[in-house]
Protein chains: 2
Amino acid sequence: MKNATEFNLNEISAVLTRTPATLNALLRGLPETWVLSNEGRGSEGKDTWSAFDIVGHLIVGERTDWMPRVRIVLENGEARAFDPFDRFAQSRESEGKSLEQLLDEFTRLRNENLAALRALNLQPEDLNRRGRHPALGAVTLSELLATWAVHDLTHLHQLSRVMAHQYRDVVGPWSAYLGVLHCAGHGA
Amino acid sequence: MKNATEFNLNEISAVLTRTPATLNALLRGLPETWVLSNEGRGSEGKDTWSAFDIVGHLIVGERTDWMPRVRIVLENGEARAFDPFDRFAQSRESEGKSLEQLLDEFTRLRNENLAALRALNLQPEDLNRRGRHPALGAVTLSELLATWAVHDLTHLHQLSRVMAHQYRDVVGPWSAYLGVLHCAGHGA
């Protein structure tokens, strides 16, 4: 595990680059059980997400969150707070689309954003520049970029859990050994 | 979520088929930070696994666990208990290999096992046949096959968590929002 200052842009880019192909390999063409079911809970399970919802959320992040925030840090520093991330925008934006369309859209947007990130040609001193998160306060550019990659991983973690949930009763007594079935989601 | 009897072999095969490509897309060519680091804990962190260890464990499962147990159910029923799964065999078997070699080996073994499963041409009545787990007692063939797929998902869940752990301090205050950083592993 790295300490707080050991950010490495190549390592972060290596994860960000791989996420579209990972989601394609995992999800494209899967039967609907795995793609459209969520984890239930609450009234009619409306407070948990399906694989379809998760890919939609990642698209919203590519469009409105990550690179726009990078630009705010570089152009405005702490003078202008980031716009809040709308965690529910995907229900509108994904409407009427297929999972395959969402996977294509995510792949295209991620590739465009990584090209834009490379074009910035960030230097080590840029990574310490600060921005202002509307709830968390002062953050650095390296924290923002690391969060972009770990946010991919948190949704891969959620995705494996949402999928496993669909068969939680079907595995019988083995559920005791399957850690993913004992994950409560950590509020993410 | 399905009830305990809604096993569907096509749905389970769809997950099992995709895991090698998912792991390839996620892991092949990644910098060592993501591949060789574990989650620490305990004396020198020897009780947690790296991505490399996880792929090694999946290989051991393909070789010694899943299809051998399917055959024991079909040939011996409850008369012969399954051999216990050696959860630490990968440390010997992976020694001296690269992650790329392990990914290739897992892909080959999984494809061979799925071909062998198809060749069994299992019928609905076969899925209720019973075997005997050395610790859990009576289990059915459908429970075993569902567990094979959910076991893939539990290790994808673990993999995303192990990778995220490497940058847990680098994301700064955003760690509060990243559920994967608050997953304690559920003992899996």
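Buried means under 20% relative accessible area. By that cut-off, A:Tyr167 is buried, because its relative accessibility is 0%. The model shown in these close-ups is predicted.

**Figure 1. Chains A and B are related by a two-fold axis.** A turn of 180° with a shift of 0.0 Å along the axis lays chain A on chain B. The RMSD of that fit is 0.0 Å. This is why the relation is that of a two-fold axis. Both copies use the same surface. Of the contact residues of chain A, 100% recur in chain B.

**Figure 2. A:Trp34 and A:Tyr167 form a stacked aromatic pair.** Over all chains, the structure holds 8 aromatic pairs. In the pair of A:Trp34 and A:Tyr167, the centres are 5.0 Å apart, with 20° between the planes. The two residues come from distant parts of the chain, 133 residues apart. A:Trp34 sits in helix α2 (residues 32–36) of chain A. A:Tyr167 lies in the segment after α6 (141–165) of chain A. A:Trp34 has 0% relative accessibility and therefore counts as buried. A:Tyr167 is likewise buried, at 0%.

**Figure 3. A:Trp66 and A:Trp148 stack across two helices of chain A.** Their ring centres are 6.3 Å apart and their planes are at 10°, so the pair is stacked. The pair links distant parts of the chain, 82 residues apart. A:Trp66 belongs to helix α3 (residues 51–76) of chain A, and A:Trp148 to helix α6 of chain A. Both A:Trp66 and A:Trp148 are buried. Together with A:Phe85, they form one aromatic cluster.

**Figure 4. Helices α3(B) and α6(B) run roughly antiparallel.** The helices shown are α3 (residues 51–76) and α6 (residues 141–165) of chain B. Their axes come within 11 Å and cross at roughly 175°. That crossing angle is why the two count as roughly antiparallel. From α3(B), the residues in contact include B:Ile54, B:Leu58, B:Glu62, B:Trp66, B:Arg69 and B:Val73. From α6(B), they include B:Leu144, B:Trp148, B:His151, B:Asp152, B:His155 and B:Leu159. The residues of this contact divide into 14 nonpolar, 5 polar and 3 charged.

**Figure 5. A:Arg110 is a buried residue of helix α5 of chain A.** Its relative accessibility is 0%, so A:Arg110 counts as buried. Beyond its neighbours within four places in sequence, A:Arg110 is in contact with A:Leu16, A:Thr19 and A:Pro20. A:Arg110 is also in contact with A:Glu62, A:Trp148 and A:Asp152. A:Gln166 lies elsewhere: 56 residues separate A:Arg110 and A:Gln166 in sequence, and 29 Å separate them in space, C-alpha to C-alpha.

**Figure 6. B:Glu11 is a buried residue that touches chain A.** B:Glu11 is found in helix α1 (residues 9–27) of chain B. Its relative accessible area is 8%, so B:Glu11 is buried. Not counting residues up to four places away in sequence, B:Glu11 touches A:Pro31, A:Thr33, A:Trp34 and A:Tyr167 in chain A. In chain B, B:Glu11 touches B:Lys2. Two of these partners, A:Trp34 and A:Tyr167, are the stacked pair of Figure 2.

**Figure 7. A:Leu153 is in contact with residues of both chains.** A:Leu153 is found in helix α6 of chain A. At 1% relative accessibility, A:Leu153 counts as buried. Leaving aside its neighbours within four places in sequence, A:Leu153 is in contact with A:Val15 in chain A. In chain B, its partners are B:Trp34, B:Ser160, B:Met163, B:Ala164 and B:Val180. A:Leu153 and A:Thr19 are 134 residues apart along the chain, yet their C-alpha atoms are separated by 8.6 Å.

**Figure 8. A:Asn121 and B:Asn121 have positive phi values.** Phi of A:Asn121 is near 50°, a positive value in a residue other than glycine. Phi of B:Asn121 is also near 50°. A:Asn121 lies in the loop between α5 (99–120) and β1 (130–133) of chain A. B:Asn121 lies in the loop between α5 (99–120) and β1 (130–133) of chain B. A:Asn121 counts as exposed, at 53% relative accessibility. B:Asn121 counts as exposed too, at 53%.

How values were computed: Residues numbered from 1 in each chain as written. Chains lettered and ligands numbered in written order. Predicted model: local features only at pLDDT ≥ 70, side-chain atom pairs only at ≥ 80, totals over all residues. Heavy atoms only, no water. Least-squares fit on C-alpha atoms with pLDDT ≥ 70 in both. Contact = heavy atoms within 4.5 Å. Helix = DSSP H or I, 4+ residues; strand = E, 2+ residues; numbered from the N terminus. Buried < 20%, exposed > 50% of the residue type's maximum accessible area, 1.4 Å probe, protein only. Axes fitted to C-alpha atoms, helices over the stretch in contact; angles between N-to-C directions. Parallel < 35°, antiparallel > 145°, perpendicular 65-115°, else oblique. Nonpolar A, V, L, I, M, F, W, Y, C, P; charged D, E, K, R; others polar. Phe/Tyr/Trp six-rings, centres within 6.5 Å; stacked < 30°, edge-to-face > 60°.
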